[in-house]
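Hi there,

Here is the structure I promised to pass on. Have a look at it first, and my notes follow underneath.

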Amino acid sequence: METILSPEKKELICIGCPLGCNVAVELEDGQITAITGNTCPRGADYVRKELTDPKRIVTSLVRVKGGELAVVPVKTVSDIPKGQVMDCIRELKAVELNAPVSMGDVAVKNVCGTGVDVVVTANVEKGTSCIEE
Amino acid sequence: MGSACKVHGWVERMRVDLVIIGGGPAGLAAAIAAREAGIENLVILERDARLGGILNQCIHNGFGLHTFKEELTGPEYAGRYIEKVREMKIPYRLDTIVIDLGETQEDCADHGEEAGRVNGESGGRRSAAEGVREQSRGGRARKLVTAMSRKDGLYTIEAEAVILAMGCRERPRGALNIPGYRPAGIYSAGTAQRYVNMEGRMPGREVVILGSGDIGLIMARRMTLEGAKVKLVAELMPYSGGLKRNIVQCLDDYGIPLRLRTTVVNIKGKERVEAVVVAKVDENSRPIPGTEEEIPCDTLLLSCGLIPENELSGKLGLAMNPATNGPLVNESLETGVPGVFACGNVLHVHDLVDYVSEEAAQAGRKAASYLQGNLPKPQEEIPVRVGKGVRYTVPGAVDVRRMGETQLIRFRVDNVYRDKNLEVCLNGKPVSSRRKRMLAPGEMEQVVLRKADLEGVLDLREISLQIVD
């Protein structure tokens, strides 16, 4: 969320950790001249990145065949450009893994050409899920 | 055999040093800490088919920043602890629900000798800890944990100590007094989370969320990513109950509107939700006539607060804190019944699992001290009182003799405060003050008391926290 106070001043809430610092940024000709209100260096990194190249880690699900659960959670190993989040989700919808799957297994390599892999974040053993289709 | 034992005498009876009720983040961390402190004979009882508790359905990232210095998803965070429990060969029983909690009469103290043990590793041998304990504590009543599972039937475990780690549950519609029909399509946010994240089912396509607690915010994003249209998050209070980062990442990122001081005043639809009516509320949280707006939708998610799950605590007659809905505990996280400890969301609802793990580990260590005869009976419990702006503290009392060099006090404030001081007072006199840029009810705060400071006050009667200018 960014609050534009004036053309030269913006306030953002850092999402680097649950503290959620209100970080004020001063700009001159689009260049950052001052960052205040952050309690740690991550706050400064966050606003710099958020104003120039916003990124997000994506967490979602992929389908699993023959597992005790019908789906398994996944995440991008690192953050990807915010604008590609929905593309990433669409690509994951087409994926189906075969049980068993383990935490850390790669579900999709280089998702949406971001260079970032999507990995499985839970274990699903072979079995019958509660959803019979 | 005493009369109290006879009641339970017909079912299988086991004896352990420590029973941990709940295999979620609190139970896992408590078990690991107790084992690390030397408690061999313990067991975790878990109601679900797997360990990990609610973390299993929290597939989003952001867990473990404090503990592991990296951002994990819920299942990954739980996985670290589950792996350790398995490595340490800590026994656990799944699909097992505890239905009763009580105490033995003192004359039952020797009865358990003949009974079997849950932990095969310990064999029938009496542990050294047990010897020390019986000497130091005499005939102190044991705890009776009555559990049930499809596999083992009904049975009772006799334990020297119990850690309550049952977590919490969501406030249901019935507790919210929302008028209207009872059509399909109304879910608590956590139920919807389980459907979506563990069962791969979608509860609906057009969604309104009442309550801006973290689960509601997380589900707003989750439902959006799964193709639903989240039309609105309505919050009764003038501020969100969720973490700020979740408002940014879950609502703002997807353009989902958050309306504060707004509530649902009617639910329309007979078979299935067809629309909800929202209205603005006044400062007394009463709907303002004329501000109603009908929002067509097929699903209403409720994220209106969490309630510690304390039915079992009630069976022991534990004194409760009305502000937390959890048991009252002292500095050792020990409840009013000696040897019964509480930690995690059953004690008070946390916003970060890291703090749950930390708190639970303390409960595990204290339970170990109790079992090893190193935790003296509480003698002088100094109450921790809530002053201006503070809603509750955990613990609610401190025995200076039993505390470590420092004692962590966790608390929540009752409103949003900016640029205020958090003051710690002893016998009403301020002894420390810390400037806070921002305090909000949704974010748990903590303050550290130093033993030296407490010991330095003659005739200490009261510790209090307050928010001042």
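Let me begin with helix 1 of chain A, where A:Gly43, A:Ala44, A:Tyr46, A:Val47 and A:Glu50 are buried. Viewed down the helix axis, these buried residues fall within an arc of 160°, so they line one face of the helix. A:Pro41 and A:Thr52, on the other side, are exposed. The cover over the buried residues includes strands 2, 3, 4 and 5 of chain A, together with helix 8 of chain B. Please keep in mind that this is a predicted model.

The length of helix 1 works out as well: at 1.5 Å a residue its 12 residues should span 16 Å, and the end C-alpha atoms are 17 Å apart, which agrees.

Now for the charges. A:Glu50 meets A:Arg56 in a salt bridge (3.2 Å, N to O), and both residues are buried. A:Glu50 also forms a salt bridge with A:Lys82, with the closest N and O atoms 3.9 Å apart. That second pair links distant parts of the chain, since A:Lys82 sits in the loop between strand 8 and helix 2 of chain A, 32 residues from A:Glu50. A:Lys82 is partly exposed, with a relative accessible area of 30%, whereas A:Glu50 has 12%. Together with B:Asp253, these three residues are linked in a network of salt bridges.

In chain B, B:Asp351 and B:Arg412 form a salt bridge at 2.8 Å. Because B:Asp351 lies in the loop between strand 22 and helix 10 and B:Arg412 in strand 26, the pair ties together parts 61 residues apart in sequence. Both are buried.

Best wishes

Terms used:
Residues are numbered from 1 along each chain as its sequence is written. Chains are lettered from A and ligands numbered from 1 in the order in which they are written. This is a predicted model: local features need pLDDT of at least 70, side-chain atom pairs count only at pLDDT 80 or more; totals for chains, interfaces and linings use all residues. Side-chain values use heavy atoms; hydrogens and water are left out. Helices (H or I, at least four residues) and strands (E, at least two) are DSSP runs, numbered from the N terminus. The expected span of a helix is 1.5 Å times one less than its number of residues. Buried means under 20% relative accessible area, exposed over 50%, partly exposed in between (1.4 Å probe, protein chains only). The arc is that of the directions from the helix axis to the C-beta atoms. Contact means heavy atoms within 4.5 Å. A salt bridge is a side-chain nitrogen of Lys or Arg within 4 Å of a carboxyl oxygen of Asp or Glu.
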